[in-house]
Amino acid sequence: MGHFGGKPREGQRPGADVAKRDKERMRGRIKVKSPQQLSILERKRRLNDLQERIRMEYDPQKREPLYKKYANSAASCPPEVFTPDEITGVERHSSLSDTDVLRSFEKNYFQGSRPDFLPLHHLVKLLIKPVAGQPADRYVYLLGSTSATPDETSLRNMKGLEYFLLTFAQRMPRSHYLDLEVDKRRVQVQSHNESGFRDSDPVVVGLRSQLRNAGISPNDHYVLRGIQDGNHGVSTPLHVITEQRAYMADGRPESVMVSYATVKV
């Protein structure tokens, strides 16, 4: 038996097959992953493992350190390992000029290979991450789209704000509040277990009444400050904005209004 675990063929010295493979690698005839490639794969694997651990953990207190580890790791990864637009609903702002991306909004379908599950105070860490090689670009968190006419932009953005507040209130532990200023008017939204957020849902009706009573009316640009996500503060101001975008679909011009949250304008 040869030193490398294979039984040598007749007339062959032990380890000859290994030596031959090494020579083929040196000549570039056998592709071998570089240490950099292996490091990239390992970091991706760690993110995937954390993502699975979060999915399997139902205790909010045990999930929080996993969220933190996942967000911090993702935020520190180089672009060849992770970019925030891998998360469903996160896009580069420049992508809102891409016809394929805009066409996907026809069914309100948001792209991304990783699930969208981070609480707000962790998601912001990814939204502030610079777009590699594109200093003028930024990441945005999509809040909805519609093919409605331009004079309804403010109404579309109001719905985007509602979706934002309800989405991140839903991700907080029970009995916690999403507490923030919307255009200098204080709003508190309690955590809940609802999803879907149709106009007729009690949680949506209740939030609209709350916003109206706070003096918050439809607007095409909201500024959110002093955000307290349960027990966690978010020092970075956020903007909720709706833009109208034009594109071509089957040779004819179409337009869509897209609302999103972003850390800068």
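**Exercise 1. Place S113 in this predicted model and decide whether S113 is buried, partly exposed or exposed.**

Start with the secondary structure. S113 sits in the loop that runs between helix 4 (99-104) and helix 5 (120-127). Next, take the relative accessible area of S113, which is 64%. The cut-off for exposed is over 50%, so S113, at 64%, is exposed. Finally, look for a partner from elsewhere in the chain: I87 is 26 residues away from S113 along the chain, and their C-alpha atoms are separated by 6.1 Å.

**Exercise 2. Find the element that holds A75 and work out which residues A75 is in contact with, leaving aside neighbours within four places in sequence.**

Begin by locating A75, which is found in helix 3. Then check its exposure: A75 has a relative accessible area of 27%. Buried would need a value under 20% and exposed one over 50%, so A75, at 27%, counts as partly exposed. Now list the contacts of A75 once the sequence neighbours within four places are set aside: K125, L126 and K129. As a last step, try a distance. P130 is 55 residues from A75 along the chain, and 9.7 Å separates the two C-alpha atoms.

**Exercise 3. S175 and D183 each have a positive phi without being glycine. In which loops do they lie?**

Take S175 to begin with. Its phi is near 75°, and S175 belongs to the loop between helix 6 and strand 3 (177-182). With a relative accessibility of 49%, S175 is partly exposed.

Now turn to D183. Here phi is near 50°, and the loop in question joins strand 3 to strand 4 (185-190). D183 is also classed as partly exposed, at 25% relative accessible area.

**Exercise 4. Describe the largest nonpolar core and say which residues have the most contacts inside it.**

First, the size: this core has 51 residues. Second, the residues with the most contacts inside the core are L161, F164, L165, L178 and L224. Third, ask which element contributes the largest share; helix 6 (residues 153-170) does, with seven residues. Fourth, zoom in on L165. Leaving out neighbours within four places in sequence, L165 is in contact with L178, L180, V189, L207 and L211. Another core, of 13 residues, lies apart from the largest one, and its members include L96, Y247, V256 and V258. For background, nonpolar side chains tend to be buried together in soluble globular proteins.

**Exercise 5. Characterise the largest pocket: how much space lies in it, and what lines it?**

Begin with the volume, about 680 Å³. Then count the lining: there are 30 residues, and R63, Y67, Q170, R171 and M172 are the closest to the centre of the pocket. Next, see where the lining comes from. Helix 2 (35-56) and helix 3 (60-76) are the elements that give two or more residues, and helix 3 gives the most, with five. To finish, sort the lining by chemistry: nine residues are nonpolar, 12 polar and nine charged.

**Exercise 6. Summarise the whole protein: how many helices and strands does it have, and what share of its residues count as buried?**

Count the elements first: seven helices and eight strands. Of the 265 residues, 42% count as buried. Then move to the surface, where the accessible area is about 15200 Å² and carbon and sulfur atoms account for 49% of it. Lastly, consider contacts between residues at least 6 apart in sequence; 65% of these join residues at least 24 apart.

Terms used. Residues numbered from 1 in each chain as written. Predicted model: local features only at pLDDT ≥ 70, side-chain atom pairs only at ≥ 80, totals over all residues. Heavy atoms only, no water. Core = buried A, V, L, I, M, F, W, Y, C linked by side-chain atoms within 4.5 Å. Buried < 20%, exposed > 50% of the residue type's maximum accessible area, 1.4 Å probe, protein only. Helix = DSSP H or I, 4+ residues; strand = E, 2+ residues; numbered from the N terminus. Contact = heavy atoms within 4.5 Å. Areas by Shrake-Rupley, 256 points an atom, 1.4 Å probe, with all protein chains shown as cover. 1 Å grid on protein atoms, 1.4 Å probe; cavity = no way out; pocket = protein on both sides within 12 Å on 5 of 7 lines; lining within 4 Å. Points joined across faces, edges and corners; volume = space filled by probe spheres on them. Nonpolar A, V, L, I, M, F, W, Y, C, P; charged D, E, K, R; others polar.
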